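Hi,

Here is the structure I promised to pass on. Have a look at it first, and then read my notes below.

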Amino acid sequence: MSIKENVQIVKNFLAALGRRDKQGLLALSAEDIEWIIPGEDWPLAGTHRGHAGLADLLQKASETLETSYPKPPEFVAQGDRVLVVGFARGRIIATNKTFEDHWVFAITVRNGKLTKVREYIDTLALARASEMDASPKP
């Protein structure tokens, strides 16, 4: 596939993600997709594999946070790799704390399907927003 086609596939994937379109996301993902989210003390952190892992991640994300993207992301592509550079604002549902996140997704596209997503996110901002207060403040 061409670089232009790979970028369009990633754009379609992000649009489906924004719509929370599980079937659309699965259709654009390889059966053995691997999605890596770094960090600790963050409910979505870990390596999520296959369609089952992707479906589980999407379910956890919908239960964990609300996110908005105030500006369109930037796309940088070479070969089968597409980097998506963006900014998000959001809220962790359990804590009602907000966060801001400058992020990069490194996405590999092969044969018209996403095979790997590696997030580079502000794990500290997300972990802080996920922290529950240990005890009530006086």
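To get you going: which strand does histidine 48 lie in? It's strand S2, made up of residues 46–49. Before you read on, keep in mind that this is a predicted model.

Histidine 48 is worth a longer look. Its relative accessible area is just 8%, and because the cut-off for buried is under 20%, it counts as buried. A polar atom of the histidine 48 side chain sits 2.9 Å from the backbone oxygen of leucine 44. Setting aside neighbours within four places in sequence, histidine 48 is in contact with Ile33, Glu34, Trp35, Ile37, Gly53 and Leu57.

Next, helix H1, residues 3–19. Its 17 residues should span 24 Å at 1.5 Å a residue, and the end C-alpha atoms are indeed 24 Å apart, so the two agree. Buried residues of H1 are Asn6, Val7, Ile9, Val10, Phe13, Leu14 and Ala16. Their cover includes helix H2 (22–27) along with strands S1, S4, S5, S6 and S7. Right after H1 comes arginine 20, with a positive phi near 55 degrees.

Finally, the largest pocket, which holds about 830 Å³ of space. It is lined by 34 residues, and Leu17, Ala61, Leu65, Thr67 and Tyr69 are the closest to its centre. H1, H2, S1, helix H3 (50–64), strand S3 (65–68) and S6 each give two or more residues to the lining, with H3 providing the largest share, six. By type, the lining has 23 nonpolar, four polar and seven charged residues.

Cheers

Notes: Residues are numbered from 1 along each chain as its sequence is written. This is a predicted model: local features need pLDDT of at least 70, side-chain atom pairs count only at pLDDT 80 or more; totals for chains, interfaces and linings use all residues. Side-chain values use heavy atoms; hydrogens and water are left out. Helices (H or I, at least four residues) and strands (E, at least two) are DSSP runs, numbered from the N terminus. The expected span of a helix is 1.5 Å times one less than its number of residues. Buried means under 20% relative accessible area, exposed over 50%, partly exposed in between (1.4 Å probe, protein chains only). Contact means heavy atoms within 4.5 Å. A polar contact is a pair of N or O atoms within 3.5 Å; within protein, one must be able to donate a hydrogen and the other to accept it, and residues adjacent in sequence count only if both atoms are side-chain atoms. On a 1 Å grid over the protein atoms alone, a cavity is a set of points where a 1.4 Å probe fits but cannot get out, and a pocket is an open set with protein on both sides within 12 Å along at least five of seven lines; lining residues have an atom within 4 Å of a point. Grid points are joined across faces, edges and corners, and a volume is the space filled by probe spheres set on the points. Ala, Val, Leu, Ile, Met, Phe, Trp, Tyr, Cys and Pro count as nonpolar, Asp, Glu, Lys and Arg as charged, and the others, Gly among them, as polar.
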